Amino acid sequence: MGNYSLAIDIGGTFIKYAFIDQKLNIIKQWKKETKHFNTKDEFYDYLCENIDNHHIDLIGVSAPGVINEDSLVLSKAAKNVQTMYMTNINKEIELRLKRPTYSLNDGKSAGYCELMIGNGKGSQSSVYFIIGTGIGGCICYKDEIIQGVDRIAGEFSTLPLDFSPTKKGRFKRLGEIASISALIEMYNSRSPVPLKTGEDICNKYLNHDVLAQDIIHQWCKNIILGLSIIIMLYNPEIICIGGGISEEKWFIEKIQEIYKNETHIISDPIITTKIKACKYNNNSNLLGALLYAKKKLATSNNN
């Protein structure tokens, strides 16, 4: 067996792994539960255990939170990965697996995958809007990710909307009205029978449940609010929507319909930004993290 690269996608529920060859073919893929540990050494030991590094030439990591240029984690994410806070991802993994490692925020990893090999390929300006527990994102100009001075560009979940009172006593944020978590909260606030997942609500919507249809419509309008702000600030050629929900054709069609018929930012002929689904979903974080690692390694070798 020849050399291959390792991609790791660290999530709050699962850690996903893939061995990927030079042509970006996934030759082996697996995952394991993300467990809570009290120390960073326990966490990184668990992350790297039972990995045969004999044929690995490069490691790309997708991880939650704000991550600086040196792979230092500057913000806390889900409970099970909070021990990563203020740790250097690259150094911790290189210490254990002895291979060059490069890390990127998970939303930016997904976006970078779409930019390089997905539906954003060839665009001069693009945005990637990833709908999950929160709202991840990535803003790109040509083939570069716009990180921002504090590496928070594309953190759409925290996009402030207004100063209406919230549970936390601060301004309302986009993630609180446009994420999957928001969809579940919106539905359960009006239903005598609470549901646990966004998939449950979508199934009711597809079965013509009146409440689910009303909630989904309002939720999609909330998403469009965020997309409209992005369009007015950056006016990209294309916005690719990702996350599990984006695999549903009806959802993308509904977003496109609401945007066309119910949102009038400027007279219609002026705005040409396209809204599409991402081409890659389940593997976008893995592929994007590896593509970014390849680029960083090439840059490092040229310097």
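In this predicted model, strand E5 is covered on both faces: Thr-101, Ser-103 and Asn-105 sit buried on one side, and Tyr-102 and Leu-104 are buried on the other. That accounts for 5 of the 5 residues of E5 (residues 101–105), so the strand is largely enclosed by the rest of the structure. Its partner here is strand E4 (residues 56–63), which runs parallel to E5 and pairs with it over 5 bridges. One contact to look at is Ser-62, whose bridge partner in E5 is Leu-104. To get from E4 to E5, the chain passes through helix H2 (residues 89–97), and the resulting β-α-β crossover is right-handed.

The stretch leading into that helix has a surface feature of its own. Tyr-85 lies in the loop between E4 and H2 and is partly exposed, at 36% relative accessible area. Together with Leu-74 and Met-86, Tyr-85 makes up a nonpolar patch on the surface, with about 270 Å² of accessible area in total.

The same loop also takes part in a salt bridge: Glu-69 meets Arg-151 through their side chains, at 2.8 Å from N to O. Glu-69 belongs to the loop between E4 and H2, while Arg-151 sits in the loop between strand E8 (144–145) and strand E9 (160–162), so the pair ties together parts 82 residues apart in sequence. Arg-151 is buried, with a relative accessible area of 12%.

Helix H2 has its own link. The side chains of Glu-92 and Lys-40 form a salt bridge at 2.6 Å, N to O. With Glu-92 in H2 and Lys-40 in helix H1 (residues 40–48), this pair ties together parts that are 52 residues apart. Glu-92 is buried at 10% relative accessible area, whereas Lys-40 is partly exposed at 31%.

Further along, Asp-214 and Arg-190 make a salt bridge whose closest N and O atoms are 2.6 Å apart. This one links helix H7 (residues 210–234), home of Asp-214, to the loop between helix H5 (180–188) and helix H6 (198–206), where Arg-190 sits, 24 residues away. Both ends are partly exposed, Asp-214 at 38% and Arg-190 at 48%. Back at Lys-40 and Glu-92, salt bridges with shared partners join these two with Asp-41, Asp-45 and Arg-96 into one network. The structure holds 11 salt bridges in total.

Zooming out, the chain has 9 helices and 12 strands. Its radius of gyration is 20 Å, close to the 19 Å that the globule rule gives for 303 residues, so the chain is as compact as a globular protein of that length. Buried residues make up 50% of the chain.

Methods. Residues numbered from 1 in each chain as written. Predicted model: local features only at pLDDT ≥ 70, side-chain atom pairs only at ≥ 80, totals over all residues. Heavy atoms only, no water. Buried < 20%, exposed > 50% of the residue type's maximum accessible area, 1.4 Å probe, protein only. Helix = DSSP H or I, 4+ residues; strand = E, 2+ residues; numbered from the N terminus. Pairing = 2+ DSSP bridges. Right-handed = clockwise from strand over helix to strand, strands pointing away. Patch = residues over 30% accessible without salt bridge, like charges linked within 9 Å, V, L, I, M, F, W, Y side chains within 5 Å. Areas by Shrake-Rupley, 256 points an atom, 1.4 Å probe, with all protein chains shown as cover. Salt bridge = Lys/Arg side-chain N within 4 Å of Asp/Glu carboxyl O. Rg over C-alpha atoms; globule rule 2.2 N^0.38 Å.
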